[in-house]
Every structure is written in C-alpha cells, then in structure tokens.
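Visitor: I'm used to gels and assays, not coordinates. Could you walk me through how to read a structure, one feature at a time?

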Amino acid sequence: MNTQTSQPIPKVYGWCPGALRPMMSGDGLVVRIRTPLGRLSQKQAKAIAALSQHHGNGLIDLSARANLQLRGISSQSHGAVIAGLQDLGLLDQDAATESRRNILLTPFWQPGDASHSIARSLERALNAAEDLVLPGKFGFVVDAGAQPHLQNCAADIRIECCGDTILLVADGAQTGCPVTVETAAEAALDLARWFLDHGGAAQGRGRMQALTARRAAPLSHSSPRSSSAPQPSPGMTASGQLVALEFGQITAEAFATLADNGPLRLTPWRMILVEDAQELATVPGVILDAADPRLQVRVCTGAPGCLQARAATRDLARDLAPHVPKGQILHISGCAKGCAHPGPASLTLTATATDTFDLIHHGKASDQPSIETLSASALRAAPDILTEGS
C-alpha cells in the first residue's frame with residue numbers, strides 16, 4: 001500500500017536512548033538501561049524500582065530489545081540516576097560503549113551454555129572495539145539454544161543454532177557461516193566491519209537487512225538456517241515463570257514486587273522471566289494468563305507521554321482488547337512511525353488528531369487506511385468497526 005500523504009511526517013531520531021544519552025519525551029527524559037545478559041539480581045531490580053519512584057514518574061517500560069526504560073526523569077535528577085546505576089554496576093564507561101553494547105540474549109540461557117558464553121565474549125569484544133562506529137540502532141542477537149526463539153526480533157547480526165551447528169547470520173540472509181563458541185564473538189565483529197566496509201551505514205545510518213537486500217552476504221555464509229520457535233506465552237519454563245507486562249509497561253512498585261520472587265530476566269516480548277518462581281501471586285499490570293486478550297494488542301506510549309503522539313492510546317487499547325478476534329493482532333499507534341509494532345498487523349489504528357484514528361487492515365501504521373477519522377468514542381461504542389470489510 002502507499003504511504004499516507006495526509007499524515008504529518010514523524011521525526012525519526014535514528015538512535016535509541018541510553019542511560020548516558022537519554023531522550024526527551026512528553027513526560028520527561030527516557031533513560032534506557034541495557035542490563036548485562038538481560039538479567040537483574042533481586043537487589044538490582046529493587047534499586048531500579050527505587051530510582052524510578054524517587055527520580056521519575058514511577059513507570060518502567062520494557063523495550064523490544066529487552067531493555068528497561070525509566071520514564072519521567074527530570075534533567076535535574078538525571079545525575080542521581082546515573083550515580084545509582086553506577087553503584088549497581090549497570091553503567092558503561094561512556095555513551096559510545098553503551099551504544100555498541102546492543103546485545104539481545106535469549107532469556108532461556110543456562111549458566112555456561114553456548115548462548116551465555118558467547119554473549120559474555122561478545123560483550124567484552126564490543127567494549128574493547130573502540131574503532132567500531134556502528135549506527136545507533138545496530139544490534140546483535142545471541143540465540144544459540146536448541147532452537148532459535150529470536151528470529152522475529154529486530155537485529156543486524158545473529159548468532160543462532162541450526163541442529164548442532166552455531167551459525168553467524170547477517171540479518172535478511174537465509175544462510176549463515178558456521179562458528180564455534182570460541183570464535184563467534186570475533187566473527188560477529190568481523191561481520192560488523194564487513195557491513196561498514198560495504199557501505200551499510202551511509203551518513204552514519206543503515207541496517208544490515210537493507211545491505212543484504214542489495215548484495216549477497218559474504219561467500220562463507222552458505223549454511224541453511226533453522227526455522228524459529230513460536231513466541232512463548234506466559235507460563236512456566238525450565239528457568240522459571242514467564243509473565244507479561246500490560247502493553248510493555250509496569251509500575252515501579254509492581255516491578256519491585258516481582259523481584260521479591262527471584263532474579264529477573266528481560267525478554268523482547270514485553271515479558272519478564274522470574275527465575276525459579278512457581279505460581280506467582282497476582283501483581284497489578286502483570287499478566288499471568290496466556291489467554292488474556294491484552295496479549296493481542298501492541299500499543300505505544302501515546303500522548304501525552306510521547307512528544308510525537310497525536311492521541312492517547314493505552315486506555316483505548318484496554319477497552320478494545322476484548323474485541324480483537326483470536327489469532328489477530330491489534331496495533332494502536334500514536335503516530336505513523338508505529339514504534340510499538342513496526343511491521344504489518346491484522347488491524348492497525350493510527351492516531352491522526354487528539355481523538356481520531358485511521359483504521360488500516362493488514363498493514364503498518366503508515367499505510368493507506370481502509371477507514372479514516374474514526375473517533376475513539378465511536379470505536380468504543382461499536383468495536384465491530386475494526387473487522388468490517390477486513
């Protein structure tokens with residue numbers, strides 16, 4: 001479909017916030033924490049909750065890269081947050097190192113297994129690679145378990161298994177290069193340099209998938225990949241209990257309550273794995289039931305929390321969730337960027353004004369709408385509008 005011409009063009013920053021380089025939003029600074037190996041001890045998790053309560057607005061986001069975002073941090077309190085993260089061992093030496101260390105690790109790793117070992121080696125290699133200047137959104141996935149779980153998560157360089165073989169994969173390619181636990185990290189950095197040497201980051205921006213669409217991956221990348229496992233649902237796993245956050249957000253108080261039950265592993269599915277937990281009690285904003293209709297909705301922060309959002313989104317998402325047909329995804333976006341769900345969805349509502357949305361069937365937030373200027377009140381009164389003609 002064609003891109004809408006009636007929509008204002010949203011600002012594209014080309015980089016993600018960090019702790020040392022926060023981003024201003026409608027509710028204050030967004031401070032993103034890239035937790036080593038995606039894991040927080042109970043002490044670290046409770047301390048982060050305290051930082052959110054004392055220096056922010058008490059809301060914490062979980063991003064699609066399995067990073068935490070503290071919201072509502074003021075410019076005056078940013079220094080105190082940085083000092084707190086430093087004390088917790090959660091701060092990089094500088095913003096450049098923080099940007100390079102963009103690693104998404106499967107949450108189902110076990111201590112000393114291939115995924116865990118490779119991620120630790122890759123973290124050390126990226127910290128030392130001061131010559132490697134990658135685009136701000138450039139990221140790595142380490143997913144070397146028995147079956148890959150993260151193939152549908154955004155990344156530029158992937159390390160995953162195919163049977164007994166570990167493969168290094170350039171995003172967008174259907175084949176990869178065999179590596180070992182010992183060689184995977186350096187091979188990943190070599191592939192990142194290949195990306196830069198072949199013009200993947202013109203003007204400092206670019207993604208691997210765009211490069212592999214223009215040219216083939218390196219000749220050594222000739223081994224076929226495995227298919228991905230389906231996205232998991234809330235429930236018990238071999239490592240603990242997997243719980244979902246309502247629309248990827250949680251209050252600081254609820255986050256601290258989760259940490260009472262064990263260390264926390266962050267996931268790219270807006271879920272948290274509570275290590276060794278069994279039968280968690282109900283926590284506000286935490287979804288334990290795999291059949292909960294809110295799991296079929298993807299929604300951004302919306303107004304007023306996001307400067308670019310044209311309407312509030314989350315209350316509407318709660319009201320419409322029970323009306324989403326099983327097996328379909330409803331994406332509600334505050335603007336045409338579609339940050340919460342960049343790809344096509346069964347149903348998409350894109351805000352066009354304070355109380356109006358365009359409805360897109362089987363498309364992205366920026367695509368041509370099937371129905372224009374639906375009011376939030378009309379959608380609430382007649383939610384069947386969502387699926388008419390779809």
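Guide: We'll go from confidence to strands, then rings, then backbone oddities. Keep in mind that this is a predicted model.

Visitor: Okay, confidence before anything else. What is the mean pLDDT of the protein, and which stretch falls below 50?

Guide: The general idea: where pLDDT is low, don't read the predicted coordinates in detail. Here the mean is 93, and 96% of the residues reach 70 or more. Residues 1-6 are the stretch with pLDDT below 50, and beyond near neighbours in sequence they have 15 contacts in the model.

Visitor: Now strands. What is the strand order in the open sheet that includes β6?

Guide: In general, strands of a sheet pair through backbone hydrogen bonds, in a parallel or an antiparallel sense. This open sheet has six strands in the order β6-β7-β8-β9-β10-β11, and the pairing is mixed. β6 and β11 (223-224) stand at the edges with a single partner strand each, so one side of each has no neighbour in the sheet.

Visitor: Can you zoom in on one pairing there? Are β7 and β8 parallel or antiparallel?

Guide: β7 and β8 (residues 157-162) are parallel, with four bridges between them. To find your place on screen, look for V142, which stands opposite I159 in β8. Then look for helix α4: it lies across β6, β7, β8 and β9 (165-170), and runs at about 155 degrees to β7.

Visitor: How many residues of strand β13 are buried?

Guide: Six of the six residues of β13 (residues 240-245) are buried, so the strand is largely enclosed by the rest of the structure.

Visitor: And which strands does β13 pair with?

Guide: Take the partners in turn. β12 (residues 235-237) pairs with β13 in the antiparallel sense over three bridges, and the two form a hairpin with two residues between them. In that pairing, G235 is opposite L242. β16 also runs antiparallel to β13, joined by five bridges. β17 (residues 286-287) is another antiparallel partner, with two bridges. A244 is a handy residue to click on: its bridge partner in β16 is M271, and its bridge partner in β17 is I287.

Visitor: On to the rings. How many aromatic pairs are there?

Guide: The count is three. One of them is F108 with W269, a stacked pair at 6.0 Å centre to centre with 25 degrees between the planes. F108 sits in the loop between β6 (103-105) and α4 (114-128), and W269 in the loop between β15 (264-266) and β16 (271-275), so the pair ties together parts that are 161 residues apart in sequence. F108 is partly exposed at 22% relative accessible area, while W269 is buried at 9%.

Visitor: And what about F138 and F195: how are they arranged?

Guide: That pair is tilted, 4.8 Å centre to centre, with 50 degrees between the planes. F138 is in the loop between α4 and β7 (140-143) and F195 is in helix α5, 57 residues apart, so this pair too links distant parts of the chain. F138 is buried at 1% relative accessible area, and F195 is buried at 0%. Together with F140, they form one aromatic cluster.

Visitor: What sits over the ring of W109?

Guide: The charged end of R265, at 3.8 Å from the ring centre.

Visitor: Last topic: backbone oddities. Which residues have a positive phi without being glycine?

Guide: Most residues other than glycine have a negative phi, and most peptide bonds are trans. A66 has a positive phi of about 60 degrees, and Q203 has one of about 55 degrees. A66 is in the loop between β4 (59-62) and β5 (68-73), whereas Q203 is in the loop between α5 (184-197) and α6 (208-214).

Visitor: Are those two buried or exposed?

Guide: A66 is buried, at 5% relative accessible area, and Q203 is exposed, at 81%.

Visitor: And where is there a cis peptide bond?

Guide: From A303 to P304, where omega is near 0 degrees. P304 lies in the loop between β18 (297-299) and α8 (314-320).

Note on methods. Residues numbered from 1 in each chain as written. Predicted model: local features only at pLDDT ≥ 70, side-chain atom pairs only at ≥ 80, totals over all residues. Heavy atoms only, no water. Buried < 20%, exposed > 50% of the residue type's maximum accessible area, 1.4 Å probe, protein only. pLDDT = per-residue confidence, 0-100. Contact = heavy atoms within 4.5 Å. Phe/Tyr/Trp six-rings, centres within 6.5 Å; stacked < 30°, edge-to-face > 60°. Lys NZ or Arg CZ within 6 Å of the ring centre and 35° of its normal. Pairing = 2+ DSSP bridges. Axes fitted to C-alpha atoms, helices over the stretch in contact; angles between N-to-C directions.
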